[in-house]
Amino acid sequence: RRVLAAGAREVPLVWDPHPRGPEPVPGVTVATPNRGEALAFAGRHGRRPHRLDEAAEVLRVRWRARAVAATDGAGGVLTALAGSPPLLTPVPFAATGDACGAGDRFAGSLALALANGSVITEAVEVAVGDVAGWLAGGGVSAGAGTHRTAGTTSVAESRKDTPQLFNLLMYSGLNTSSQTLAGIGVLPSAALTLSTLMPTVV
């Protein structure tokens, strides 16, 4: 956690929380709970909010995050940012693919967009579009698809080189028994590389 907290001061940090995992370290760029996770985390200390916008703002303040982007399935993504009203990013179209893994896909796409230089609101919009297209293509049941939103770089394309210095971090509590830390670096060509996947102690 010390490494992650220190990294958050230097590079963008996307944290995808697990309901039975740790809360984000202070200073994350974006935390990405789903509706159930956001309401549960927000209710851990005092009054439990009933609205997603309230929960996202409670968590943004408590976690000292720049933003909390709470996913809500077909309802889109509600983003709480300091100094502005909640922003709802709707899904571009209804998709009926297997939704398993959609939250992980959203966090990964968001991290890649931030690494490409997008601001938070732009990155959320890119990630929402990417997930919608991925689900329309069958989602996880379709295998390792190649869909991506125009203007972004696929992971397969990005693995042509490996940077030595991480300038973006993504934390994902994938399950209750382990957490992973993924470092994503931006090369001079703006290609992205998933350069490491390692267990972390939190």
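Me: In this predicted model, which residue of strand 4 is the bridge partner of V68?
Reply: Happy to start there. V68 belongs to strand 3, which pairs with strand 4 (residues 77–81) in the antiparallel sense over five bridges. Within strand 4, the bridge partner of V68 is A80.

Me: And what stands opposite V68 in strand 2?
Reply: Strand 3 also has a partner in strand 2 (30–31). Those two strands run parallel and are joined by two bridges. The residue that stands opposite V68 is A31.

Me: Are the faces of strand 3 covered or open, and how many of its residues are buried?
Reply: Let's take one side at a time. A67, A69 and T71 on one side are buried, and so are V68 and A70 on the other. Both faces are therefore covered, given that buried means under 20% relative accessible area. For strand 3 (residues 67–71), the count of buried residues is five of five.

Me: Which residue in the turn between strand 3 and strand 4 has a positive phi?
Reply: The two strands form a hairpin, with five residues between them. One residue in that turn has a positive phi of about 60 degrees, and it is G73.

Me: Where is R64, and is it buried or exposed?
Reply: R64 sits in the loop between helix 3 and strand 3. Its phi is positive, about 55 degrees, although R64 is not a glycine. The relative accessible area is 58%, and because the cut-off for exposed is over 50%, R64 is exposed.

Me: What does the side chain of D53 make a polar contact with?
Reply: D53 lies in helix 3 (residues 52–63). Leaving aside neighbours within four places in sequence, D53 is in contact with L78 and P86. Its polar contact, at 2.6 Å, is between side chains, and the partner is R51.

Me: Is V25 buried or exposed, and what is its relative accessible area?
Reply: V25 is in the loop between strand 1 (13–16) and strand 2. Beyond its neighbours within four places in sequence, V25 is in contact with R1, L4, A5, L13, W15 and W63. Because buried means under 20%, V25 counts as buried, with a relative accessible area of 1%.

Me: How far apart in space are V25 and L13?
Reply: L13 is among the residues in contact with V25. Along the sequence the two are twelve residues apart. From C-alpha to C-alpha, the distance is 9.7 Å.

Me: Which residues lie nearest the centre of the second largest pocket?
Reply: This pocket has a volume of about 600 Å³. Helix 4 (102–115) and helix 5 each supply at least two residues of its lining. Of the 29 lining residues, those nearest the centre are T71, G73, A102, G103 and V131.

Me: Why does L112 count as buried, and how far is its C-alpha atom from that of A123?
Reply: L112 lies in helix 4. Its relative accessibility is 15%, which is why L112 counts as buried with the cut-off at under 20%. A123 is eleven residues away along the chain, and the C-alpha separation is 8.2 Å.

Me: What should helix 5 span, and what is the distance between its end C-alpha atoms?
Reply: Helix 5 covers residues 120–136, which makes 17 residues. At 1.5 Å a residue, the helix should span 24 Å. The distance between its end C-alpha atoms agrees: 24 Å.

Me: How many residues of helix 5 are buried, and which residue with a positive phi follows the helix?
Reply: Helix 5 is mostly covered, with 13 of its 17 residues buried. After the helix comes a residue whose phi is near 110 degrees, and that residue is G138.

Me: Which residues is A95 in contact with, leaving aside neighbours within four places in sequence?
Reply: A95 is in the loop between strand 5 (87–89) and helix 4. At 30% relative accessibility, A95 counts as partly exposed. A95 and G138 are 43 residues apart in sequence, with 8.8 Å between their C-alpha atoms. The contacts of A95 are A132, L135 and A136.

Me: How many helices and strands are there, and what percentage of the residues count as buried?
Reply: Along the sequence the pattern reads α-β-β-α-α-β-β-β-α-α-α-β-β-β. That gives six helices and eight strands. Of the 202 residues, the buried share is 49%.

Terms used
Residues are numbered from 1 along each chain as its sequence is written. This is a predicted model: local features need pLDDT of at least 70, side-chain atom pairs count only at pLDDT 80 or more; totals for chains, interfaces and linings use all residues. Side-chain values use heavy atoms; hydrogens and water are left out. Helices (H or I, at least four residues) and strands (E, at least two) are DSSP runs, numbered from the N terminus. The expected span of a helix is 1.5 Å times one less than its number of residues. Buried means under 20% relative accessible area, exposed over 50%, partly exposed in between (1.4 Å probe, protein chains only). Contact means heavy atoms within 4.5 Å. A polar contact is a pair of N or O atoms within 3.5 Å; within protein, one must be able to donate a hydrogen and the other to accept it, and residues adjacent in sequence count only if both atoms are side-chain atoms. Two strands pair if DSSP finds at least two bridges between them. On a 1 Å grid over the protein atoms alone, a cavity is a set of points where a 1.4 Å probe fits but cannot get out, and a pocket is an open set with protein on both sides within 12 Å along at least five of seven lines; lining residues have an atom within 4 Å of a point. Grid points are joined across faces, edges and corners, and a volume is the space filled by probe spheres set on the points.
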